[in-house]
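Trainee: Hi, I have a new structure open and could use a guided tour. Could we chat through it together?

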Amino acid sequence: MNNFSTWTFDAVEKRFGIKEVETLHLLVEWLAASNPANEHEIYLLNYLKKQLFKKAHICNEDELKMFFIRPLIEIADIGNDIFQPFTQRSFSFTVNGEEIGGRVDFLIAKGRRVPELPFFL
């Protein structure tokens, strides 16, 4: 099994034929949808955006999770009987016959108590 910790950006791009993109059409479309956020949420989102711009280059993964991702999870009210946020979970899956796995820092996955199908890693 290939462990997540051994993969580099170049290896992932070559192995799976993917590239980092600056803009993702589906994300732009999703973000352009009507905004049901209230005033407090909009204020908090703008505050997080400013703080992230100032601090992203000096934060480690745990700090990013704690100070930026967690508040977004709270605003989005993620977590129900269908999917949940999980941290520090062992997780593996098979892609094109190749098993990949390891300890995942953060994921949102289908499953109530145990991550089953990841939406975001």
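Mentor: Happy to. Let's begin with R112, which is partly exposed, with a relative accessible area of 47%. Keep in mind that this is a predicted model.

Trainee: Which residue does R112 form a salt bridge with?

Mentor: With D81, and the closest N and O atoms of the two are 3.4 Å apart. This pair links distant parts of the chain: D81 is in the loop between α4 and β2, while R112 is in the loop between β3 and β4, 31 residues apart.

Trainee: Is D81 buried or exposed?

Mentor: D81 counts as exposed, because its relative accessibility is 61% and the cut-off for exposed is over 50%.

Trainee: How many salt bridges are there in the whole structure?

Mentor: A search finds 4. One of them joins R15 and E98, with the closest N and O atoms 2.4 Å apart. R15 lies in helix α1 and E98 in strand β3, so this pair ties together parts that are 83 residues apart in sequence.

Trainee: And how covered up are those two?

Mentor: R15 is partly exposed at 34% relative accessibility, whereas E98 is buried at 15%.

Trainee: What else is E98 in contact with?

Mentor: Leaving aside its neighbours within four places in sequence, E98 is in contact with N2, W7 and F93 as well as R15.

Trainee: Let me zoom out. How many helices and strands does the protein have?

Mentor: There are 4 helices and 4 strands. Starting at the N terminus, the order is β-α-α-α-α-β-β-β.

Trainee: What sort of box do the C-alpha atoms fill?

Mentor: Roughly 45 × 35 × 30 Å, taken along the principal axes. Of the 121 residues in the protein, 19% are buried. The protein exposes about 9,900 Å², and 57% of that is supplied by carbon and sulfur atoms.

Trainee: Which residues make up the largest nonpolar core?

Mentor: That core has 5 residues, namely F86, F91, V104, L107 and A109. The elements giving two or more residues to this core are β2 and β3, and β3 provides the largest share, with 3 residues.

Trainee: Pick one core residue for me. What does L107 touch?

Mentor: Quite a list! Not counting neighbours within four places in sequence, the contacts of L107 include F86 and F91 from that core. Others on the list are Q84, P85, R89, P115, P118, F120 and L121.

Trainee: Switching to the helices, where does α4 bend?

Mentor: Helix α4 spans residues 61-76 and bends by about 35° at I69. A proline, P71, follows within four residues.

Trainee: What happens at the start of α4?

Mentor: There, a side-chain oxygen of N60 reaches to within 3.0 Å of the backbone nitrogen of D62.

Trainee: And which residues of α4 are buried?

Mentor: They are K65, F68, P71, I73 and I75. These buried residues pack against α3, β2 and β3.

Trainee: Can you show me something in α3 too?

Mentor: Try Q51, which is found in α3 and is buried, with a relative accessible area of 13%. Beyond its neighbours within four places in sequence, Q51 is in contact with A56 and F68.

Trainee: Back to α4, then. What separates E74 and R70?

Mentor: About one helical turn, because they are 4 residues apart in helix α4. Their side chains meet in a salt bridge, 3.8 Å from N to O. R70 is partly exposed, with a relative accessible area of 49%.

Trainee: What comes just after α4?

Mentor: Just after the helix, D77 takes a positive phi of about 55°. Most residues other than glycine have a negative phi, so this one deserves a look. D77 lies in the loop between α4 and β2 and is exposed, with a relative accessible area of 64%.

Trainee: Which strand holds Q88?

Mentor: Q88 is in β2. I mention Q88 because that residue also has a positive phi, about 50°, although it is not a glycine. With a relative accessible area of 35%, Q88 is partly exposed.

Conventions
Residues are numbered from 1 along each chain as its sequence is written. This is a predicted model: local features need pLDDT of at least 70, side-chain atom pairs count only at pLDDT 80 or more; totals for chains, interfaces and linings use all residues. Side-chain values use heavy atoms; hydrogens and water are left out. Buried means under 20% relative accessible area, exposed over 50%, partly exposed in between (1.4 Å probe, protein chains only). Contact means heavy atoms within 4.5 Å. A nonpolar core is a set of buried Ala, Val, Leu, Ile, Met, Phe, Trp, Tyr and Cys residues joined through side-chain atoms within 4.5 Å. The bend at a residue is the angle between axes fitted to the seven residues ending there and the seven starting there. A polar contact is a pair of N or O atoms within 3.5 Å; within protein, one must be able to donate a hydrogen and the other to accept it, and residues adjacent in sequence count only if both atoms are side-chain atoms. Accessible areas come from the Shrake-Rupley method with a 1.4 Å probe; for residues, only the protein chains shown count as cover.
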